[in-house]
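Grab a pencil and have a viewer open. Below are some exercises, each with a solution that goes step by step.

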Amino acid sequence: MGEWNEEERAAGMTQDKTPDGQSDWEAVIEAVLFTMGHPVELRQLAAAIGQCEGIAQQVTEKLQERYRRENRGMQIIALEDSYQMTTKAEYYENLIRVAATPKKQVLTEVVLETLSIIAYKQPVTKTEISRIRGVSSDHAVNRLVEYGLVYEAGRMDAPGRPALFATTEEFLRRFGLGSVTDLPTILPEEEAEIEQEVEEELGVLPDDDRQEKRERVDDGRNEEQSAPEDNKDQVF
């Protein structure tokens with residue numbers, strides 16, 4: 001422990017603290033410096049431990065010396081009347097290695113579903129994606145942008161000018177596609193069936209309407225099966 005002058009000792013005694021509690025003050029200052037990240041003025045450190053600036057400076061310098069003595073990865077530096085906790089310069093290269101490591105990209109079912117909608121409907125707004133999915137898709141779209149699979153392709157000429165999203169070249173590379181025209185074709189009856197299933201799951205159709213949609217889908221299948229051979233591969 002360092003020497004305490006009479007003013008500092010008196011100040012410490014009036015705050016229900018004695019010089020023997022300096023380790024507690026060090027812990028408080030350490031927490032403040034770590035949390036703030038940027039330089040913290042001495043007067044603020046003094047307020048944090050409830051002591052005068054002289055005591056705060058002495059406690060901070062003791063903590064600073066401890067970091068040097070124990071060879072920590074962090075250090076406390078003095079900047080005029082402020083102190084800051086920083087990483088030691090000799091460890092910058094190690095930090096760069098970690099930062100350069102690619103993040104593991106996990107495409108959950110929700111993210112894949114959102115990506116599929118964007119791929120087939122692009123360019124498309126978040127509102128339209130959410131309408132199709134039946135739930136908010138902001139998080140999924142933001143994640144796809146972060147992964148580099150989707151980007152903001154422009155703005156719709158409408159009130160609020162909502163952003164339009166489309167797939168990137170990285171999306172094509174990732175899924176082995178030459179262009180978006182290489183995406184698997186969804187037949188009209190398949191699209192109707194998917195739409196029906198989604199609407200039933202969301203409970204947005206009355207029972208009579210659901211039955212009517214089923215009949216329309218079945219009629220479409222029957223017409224395809226009875227069509228001439230030379231028209232089977234034609235998609236309308």
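Contact, throughout these exercises, means heavy atoms within 4.5 Å. The model is a predicted one, where local features need pLDDT of at least 70, side-chain atom pairs count only at pLDDT 80 or more, and totals for chains, interfaces and linings use all residues. Numbering starts from 1 along each chain as its sequence is written, and side-chain values use heavy atoms, with hydrogens and water left out.

**Exercise 1. The whole chain**

Work out how many helices and strands there are in the chain, and what share of its residues is buried.

Step 1: go through the DSSP runs, numbered from the N terminus, taking H or I runs of at least four residues as helices and E runs of at least two as strands. That gives eleven helices and five strands.

Step 2: sort residues by relative accessible area, with a 1.4 Å probe and protein chains only: under 20% is buried, over 50% exposed, and in between partly exposed. Buried residues come to 29% of the 236 in the chain.

Step 3: take the contacts with a separation of 6 or more; 47% of them involve residues 24 or more positions apart.

Step 4: add the surface, using the Shrake-Rupley method with a 1.4 Å probe, where for residues only the protein chains shown count as cover. The accessible surface is about 15700 Å², and carbon and sulfur atoms hold 50% of that.

**Exercise 2. α3 against α4**

Find the angle at which α3 and α4 pack, and say which residues meet.

Step 1: fit lines to C-alpha atoms, for helices over the stretch in contact, and take the angle from 0 to 180 degrees between N-to-C directions. For α3 (residues 42-49) and α4 (residues 53-69) the angle is about 95 degrees, and the axes are 8 Å apart.

Step 2: put a word to the angle: under 35 degrees is roughly parallel, over 145 roughly antiparallel, 65 to 115 roughly perpendicular, and the rest oblique. So α3 and α4 are roughly perpendicular to each other.

Step 3: list who touches whom. From α3 come Leu42, Arg43, Leu45, Ala46 and Ile49, and they meet Glu53, Ile55, Ala56, Gln57 and Thr60 of α4.

Step 4: class them, with Ala, Val, Leu, Ile, Met, Phe, Trp, Tyr, Cys and Pro as nonpolar, Asp, Glu, Lys and Arg as charged, and the others, Gly among them, as polar. The contact of α3 with α4 then has six nonpolar, two polar and two charged residues.

Step 5: look at burial in α3, where Leu42, Leu45, Ala46 and Ile49 are buried. Their arc around the axis (taken from the directions from the helix axis to the C-beta atoms) is only 100 degrees, so they sit on the same side of α3.

Step 6: zoom in on Thr60 of α4. Thr60 is buried, at a relative accessible area of 0%. Skipping neighbours within four places in sequence, Thr60 is in contact with Ile29, Leu45, Ile76 and Tyr83.

**Exercise 3. α6 against α8**

Do the same job for α6 and α8: at what angle do their axes cross?

Step 1: the axes of α6 (109-121) and α8 (residues 138-147) come within 9 Å and cross at roughly 80 degrees. That makes α6 and α8 roughly perpendicular to each other.

Step 2: α6 brings Val110, Val111, Thr114, Leu115 and Ile118 to the contact, and α8 brings Ala140, Val141, Arg143 and Leu144. By class that is seven nonpolar, one polar and one charged.

**Exercise 4. Backbone oddities and α7**

Which residues other than glycine have a positive phi, and where is a cis peptide bond?

Step 1: recall the background: most residues other than glycine have a negative phi, and most peptide bonds are trans.

Step 2: Glu80 has phi near 55 degrees. Glu80 sits in the loop between β2 (74-79) and β3, and is exposed at 84% relative accessible area.

Step 3: Arg161 has phi of about 45 degrees. Its loop runs between β4 (150-155) and β5 (163-167), and Arg161 is partly exposed at 44%.

Step 4: the cis bond joins Gln122 and Pro123, with omega about -5 degrees. Pro123 lies in the loop between α6 and α7.

Step 5: carry on into α7 (residues 126-133), whose buried residues are Ile129, Ser130 and Arg133. They span an arc of only 95 degrees, which puts them on the same side of α7. Exposed Thr127 and Arg131 are on the face turned away from that buried side.

Step 6: finish with Gly134, which follows α7 and has a positive phi near 85 degrees.
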